Every structure is written in C-alpha cells, then in structure tokens.
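Me: I have a structure open and would like to learn how to read it. Could you walk me through some of its features?
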Amino acid sequence: MKDLFADRMSKIPRSFVREILKVTDDPDIISFAGGLPNPDSFPQKEIAESSSYVIKNSGAEALQYSTTEGYKPLRKVIAERYAADGLKVDVDNILITNGSQQGLDLVGKVFLNFEDTIMVEEPTYLAAIQSFGLYEPKFMSVPLLNDGVDMDMFQTMIENSKPKLFYSIPNFQNPTGISYSLKKRKLIGSILNKNDTVLVEDNPYGEIRFLGEKLPTINSFTENSILLGSFSKIVSPGIRLGWIVANDETMHHLVTAKQASDLHSNFFSQMIVHRYLTGYNVEEHLKKIQNMYKNQRDCMIQMIKRYFPEDVTYTEPEGGMFLWVTLPEGKSSMELFEKAIEDNVAFVPGEAFYLDNSQPNTLRLNFSNSNNAKIEEGIKRLGNAIKNL
Ligand SMILES: Cc1ncc(COP(=O)(O)O)c(C=O)c1O
C-alpha cells in the first residue's frame, strides 16, 4: 500500500508534541510539554445545565443538520464581544469552525496553491506548519524578537518575496509567550495595506491576558486580513469550537470549503456554548482563568529563578499558557530532554517549532496544566538536569 499514499503525506512531519504526549501519559512524569488548559477551569456545572436547557427548549433543532456558517445567535455573541473591544465585525463575516485548527486548514484550502509562499514567525505553532504544509506551499520564516517580528526583515521579505499569507500569533504566542507591541501591530498593518499579502491572525489566547493592557488586533489596522478565534482556552477544547472572521469574498470560499469538509460544526455544542455565554457570567469565568494562570506562571518564574543556572534566560509572558527558555549557546535541549525524561520531567525541545534556522538551545514550558507543587518539583528536577548537561 506504501506507494498508494499521496506524496504530500510523506512531506508532513508527525506532530512532535503528540509523540511526546505519548511518553508523558505516564502519571509519574511531570509534564510541561502539552498545551492543555487547566481542567479546574472548565465550567462543568454550567455546561451540564446549558446542555439540559438546550435539549429541553430546542432539542429538535439542536439534533438536526444545520447551516455551514454556524448558529447565528452564537455568531452574534462573538460579534458583540468584538464590538465591546472596539472592533466592528458583521455577523455575516463570522464562520463557526471546529476549533481554530480547522480555521487554519480552511485558510490553507482556500488560498494555497502548490508552492505558493507563506510567511510564518520563527519559531511558530507546530500544528500550523502541519496544517498549511498539506497544501505543499513554500514556507519562509521571519525571526520573532521580544516585541514581535523583526520589522526590517518583515518589510524586506514582504516586498521582495510577496508571500500570499503571513501567519501570526500576536498575543502570548505559542510557543514563546511573546506579544507584539502596539507600534509593531500598526506598522505591520500599514505594510500589509501597501502589499497583497493577507494576514492570518490567530488569536486563541487573547482573552487570557493576566498582566498589562489589552492591545488591538493587527486585523484592526489592515483590510488584508483573516482573524481566527477559539473557545478552546476560554470554555473547553473538547467542545471543539472556534471561528473565522473574514471579508465577504473570502467568506464565500471558506463556506464552500467547509461544506465540502464537514457540512457544518457540531450544532448541539454551538447551542450549548451560546446558552453558556448568554446565561452565565463569562467575565467572572475569564477572571478566574486569568488569576489561575497568573499564579501558575508566577510560580514557574519564581522556581526558574531559584533552580535554573543564571545564564539560562526565559520570557515573562503577560498571558497565555507558555514560556520560552533559552539555554546557554552550545547546549542542546534535545539532549536535555533525554536527561529530563530519566528524571520524569518533560517539555518540548524548541527545534520542533522551527522550519529551519533552528535554535537547538531553546525549549517550551507549559505552565497552565500543572499545579504549583508539580511546578516546583518539575522545575527543580529540570534545573538539576540543566546543571548536569
Ligand atoms: C496558536 C494556536 N492556534 C490554534 C490552536 C488550535 O486550537 P483549537 O483548534 O483548539 O481552537 C492552538 C492550540 O493550542 C494554538 O496554540
């Protein structure tokens, strides 16, 4: 059968994170590897009540086939939440998807021909490389600095290589935890306005800001853009709901692509999430997640200060779920992984997030899925493993 599979399948790397998660299934391992939300943040009681409410009041509608675009009242709530942040979005320009991951796939399907160029951040979200990679584009990457991409390189690459898409995660980026400054958001918007590159702005962590001021989306500074959102980090990832915001022309193609892919997203869960968002105090729920993650992030940073050698540097994210560690030059986080796993602690080596120009001395730590006791013990073990490298 080997010869029958499409060529593109041999070009796609298996997700390294999924491979690591298999190792970390062992309950004795303290894992900072996955990107899982804290299960204590899931509104279980409210979702149970919302499910019963939907079945009692609109059971037949919830269990029937429905429209590709998604449940209109849910799209209306999404538009209202954007409006509260000063972003004008029409309900008809929102498409409900199976998480923002499907958004990435649909964008790839609608825009990417074989060997079209797509620009991504360096490092970037691994599953985006996989998702876009299935359409066999040419990737190019622009280095990420502490306040967003390197602007000189960004401008040169946009003007010289004219990529079709620029994929960016401006808030608490996965994997680095880095956020773009307001200045860079505006500058990127103005450069894109003068070129034909479309921004694909992925914002699953935007509402998990626990420090600093909320900043406008890059999308608000350019017409040339698509914005992706998700309920995974603010309600539940298992519910698999996200959305795409795009202009009329793009939406037309996205809807066709989604029809071909799955007709529509789970309608029952769309109605449940709508009931949850309108029947409960979601702002209070978000505060709870923000406080929880801030506490976990602070604990991780405190432990890094206590147990890591002084020449190890790290990002201090203002939100999200990850921080990014850089070991001294010449050290390998792959080697560190081997040592750390012997001591039952796991993380993702940075190499997994690069297309090329990989920095082997980097690694990603997730802080949202471990309690403070595990963070303390895990960082202590990791500190020892670094010292033994
Ligand atoms: C940057 C980024 N985009 C998209 C996703 C996919 O999220 P979902 O499909 O659950 O909305 C993730 C998940 O971790 C992510 O980190």
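Reply: Gladly! Keep in mind that this is a predicted model. Let's begin at the ligand: a polar side-chain atom of lysine 233 lies 3.2 Å from one of its oxygen atoms.

Me: Which other side chains make polar contacts with the ligand, and at what distances?

Reply: One is arginine 240, with a polar side-chain atom 2.8 Å from an oxygen atom of the ligand. Another is aspartate 202, where an N or O atom in the side chain is 2.5 Å from a nitrogen atom of the ligand. As for cover, the ligand taken alone exposes 400 Å², and the protein buries 92% of that.

Me: What kinds of residues make up the shell around the ligand?

Reply: By class there are five nonpolar, six polar and three charged residues. Of these 14 residues, Ser100, Asp202, Tyr205, Ser230 and Ser232 come nearest to the ligand. Helix α5, residues 99–111, gives the largest share of the shell, with three residues.

Me: Arginine 240 came up at the ligand. What is its phi?

Reply: Here is the general idea: most residues other than glycine have a negative phi, and most peptide bonds are trans. Arginine 240 has a positive phi, near 55°. Its place is in the loop between β8 (225–230) and β9 (242–245). Arginine 240 counts as partly exposed because its relative accessibility is 36%, between the 20% and 50% cut-offs.

Me: Where can I look for another positive phi in a residue that is not a glycine?

Reply: Try glutamate 115, where phi is about 65°. Glutamate 115 sits in the loop between α5 and β3, and it is partly exposed at 43% relative accessibility.

Me: You also mentioned peptide bonds. Which residues are joined by cis ones?

Reply: Glutamate 122 and proline 123 are joined by a cis peptide bond, with omega about 5°. Proline 123 lies in the loop between β3 (117–122) and α6 (126–133). Asparagine 174 and proline 175 are also joined by a cis peptide bond, with omega about 20°. You will find proline 175 in the loop between β6 (165–168) and α8 (182–193).

Me: Now a helix, please. How many residues does α13 have, and how far does it reach?

Reply: Helix α13 (residues 372–388) has 17 residues and spans 24 Å from its first C-alpha to its last, close to the 24 Å expected at 1.5 Å a residue.

Me: Which residues of α13 are buried, and what covers them?

Reply: A general point helps first. An α-helix has 3.6 residues a turn, so residues three or four places apart point the same way. In α13 the buried residues are Ile375, Gly378, Ile379, Arg381, Leu382, Gly383, Ala385 and Ile386. Their cover includes β1 (30–31), α11 (282–307), α12 (333–342), β12 (345–346) and β14 (362–366).

Me: And lysine 387, which elements or residues does it belong with?

Reply: Lysine 387 is in helix α13. Leaving aside neighbours within four places in sequence, lysine 387 is in contact with Tyr307 and Pro309. From lysine 387 to leucine 277, 110 residues apart in sequence, the C-alpha atoms are 48 Å apart.

Me: Strand β1 was named as cover. Is isoleucine 30, which is found in β1, buried or exposed?

Reply: Isoleucine 30 is buried, because its relative accessible area is 6%, under the 20% cut-off. Beyond four places in sequence, isoleucine 30 is in contact with Asn344, Val345, Ala346, Lys374, Glu377, Gly378 and Arg381. Its C-alpha is also 9.2 Å from that of isoleucine 341, although the two are 311 residues apart in sequence.

Me: What about loops? Is serine 41 buried or exposed?

Reply: Serine 41, in the loop between β1 and α3 (44–63), is buried, with a relative accessible area of 2%. The side chain of serine 41 reaches the backbone oxygen of asparagine 38 at 2.7 Å. Leaving aside neighbours within four places in sequence, the contacts of serine 41 are His285, Ile289, Met292 and Tyr293.

Me: And glycine 330, is it buried or exposed?

Reply: Glycine 330 is exposed, because its relative accessibility is 75%, over the 50% cut-off. Its place is in the loop between β11 (322–326) and α12.

Methods
Residues are numbered from 1 along each chain as its sequence is written. This is a predicted model: local features need pLDDT of at least 70, side-chain atom pairs count only at pLDDT 80 or more; totals for chains, interfaces and linings use all residues. Side-chain values use heavy atoms; hydrogens and water are left out. A residue is near a molecule or strand if one of its heavy atoms lies within 4 Å of it. A polar contact is a pair of N or O atoms within 3.5 Å; within protein, one must be able to donate a hydrogen and the other to accept it, and residues adjacent in sequence count only if both atoms are side-chain atoms. Accessible areas come from the Shrake-Rupley method with a 1.4 Å probe; for residues, only the protein chains shown count as cover. Helices (H or I, at least four residues) and strands (E, at least two) are DSSP runs, numbered from the N terminus. Ala, Val, Leu, Ile, Met, Phe, Trp, Tyr, Cys and Pro count as nonpolar, Asp, Glu, Lys and Arg as charged, and the others, Gly among them, as polar. The expected span of a helix is 1.5 Å times one less than its number of residues. Buried means under 20% relative accessible area, exposed over 50%, partly exposed in between (1.4 Å probe, protein chains only). Contact means heavy atoms within 4.5 Å.
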